Amino acid sequence: IELDNGYGRSGLTTDQAESMKEIVRITENAENMTFKGFLTHAGNTYNARGKQEIMVIMEDTAGQLRTLKARYADRFPGIITSYGDTPSCSLAEDLSAFDEIRPGNFVYYDVMQYHIGSCTLDDIAVCVACPVVGIYPERNELVIYGGAVHLSKEFIAGDNGFKLFGYIVETDGNDWSEPVPGAYVSSLSQEHGVVHMPSEWISKFKPGDLLGVLPVHSCLAADVLNDEGLPAEA
């Protein structure tokens with residue numbers, strides 16, 4: 001049974017006890033279903049900043065799951081609690097409150113996880129290689145073949161309408177540099193991205209060069225790209 005821990009996406013809250021009882025009753029009488037316990041995705045940690053805020057959400061969620069498990073443990077001694085979100089599972093020193101964890105994004109991490117505080121830049125393990133298709137020094141911009149069908153349209157929002165769609169790095173085979181200072185993907189269309197590039201860097205690039213983009217959300221970038229590095233729908 002899915003628990004809504006306060007994230008507000010899906011699942012039942014702990015005070016919906018009668019609904020949970022009804023689900024368990026239906027499950028007991030179903031031939032192809034077994035009641036296994038309670039799970040949740042604490043997606044509200046994505047709105048937190050820093051370890052302390054993230055841990056408060058995790059500890060509150062652990063308490064909710066403990067309450068539910070205790071309510072049914074005598075009747076179903078084998079039930080488990082299943083928990084998953086990358087920020088808290090990355091930062092927590094003790095996850096013994098849960099029987100199972102399901103973080104997914106920690107396989108790659110991304111710019112969003114870096115901004116949340118759940119990883120360092122060195123932990124980010126995915127980079128999308130995009131060829132330069134246009135150079136516009138008069139406006140400090142490059143255009144790359146790398147748009148929403150490669151990176152998704154996830155962004156980090158800042159002050160005064162600022163949006164960041166990815167960090168820019170220099171590529172070298174299967175490796176890449178630290179992010180280029182002051183360089184970032186500033187906007188996306190379907191197949192192209194506009195890169196803001198400081199004037200002292202823009203002369204280093206020519207059409208055909210590859211730029212690396214550290215995506216804001218690696219799960220979506222991995223989903224829209226196939227093994228050949230082409231749009232999945234191509």
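**Note on a pocket, a strand pairing and three loop residues**

1. Strand 1 supplies the largest share of the lining of the second largest pocket, namely three residues. The model under discussion is a predicted one, and the points below should be read on that basis.

2. The second largest pocket holds about 170 Å³ of space. Its lining consists of 13 residues, of which I1, K36, G37, F38 and L39 are the closest to the centre. Two or more lining residues come from each of helix 1 (17–28), strand 1 (37–41) and strand 2 (80–84). By character, the lining comprises seven nonpolar, four polar and two charged residues.

3. Strand 8 (residues 166–172) is paired with strand 12 (residues 210–215) in an antiparallel arrangement joined by five bridges. Within this pairing, V169 has G212 of strand 12 as its bridge partner.

4. Strand 8 is also paired with strand 9 (residues 175–176), again antiparallel, through two bridges. Here T171 is the bridge partner of W176 in strand 9. The two strands, 8 and 9, form a hairpin with two residues between them, and G173 in the turn shows a positive phi of about 65°.

5. N105 is located in the loop that connects strand 3 (100–101) and helix 4 (111–116). Is this residue buried or exposed? N105 counts as buried, because its relative accessibility is 4%, under the 20% limit. The N105 side chain makes a polar contact of 3.0 Å with the side chain of D110. Beyond its neighbours within four places in sequence, N105 is in contact with Y46, T86, D110, Q113, H217, S218 and C219.

6. Y109 likewise lies in the loop between strand 3 and helix 4. Its backbone merits inspection: phi is positive, about 60°, although Y109 is not a glycine. With a relative accessible area of 13%, Y109 is classed as buried.

7. N140 is another residue with a positive phi, about 55°, although it is not a glycine. N140 is placed in the loop between strand 4 (128–136) and strand 5 (141–145). Why is N140 counted as partly exposed? The reason is that its relative accessibility is 23%, which falls between the 20% and 50% limits.

Definitions and conventions. Residues numbered from 1 in each chain as written. Predicted model: local features only at pLDDT ≥ 70, side-chain atom pairs only at ≥ 80, totals over all residues. Heavy atoms only, no water. 1 Å grid on protein atoms, 1.4 Å probe; cavity = no way out; pocket = protein on both sides within 12 Å on 5 of 7 lines; lining within 4 Å. Points joined across faces, edges and corners; volume = space filled by probe spheres on them. Helix = DSSP H or I, 4+ residues; strand = E, 2+ residues; numbered from the N terminus. Nonpolar A, V, L, I, M, F, W, Y, C, P; charged D, E, K, R; others polar. Pairing = 2+ DSSP bridges. Buried < 20%, exposed > 50% of the residue type's maximum accessible area, 1.4 Å probe, protein only. Polar contact = N/O pair within 3.5 Å; in protein donor to acceptor, adjacent residues only side chain to side chain. Contact = heavy atoms within 4.5 Å.
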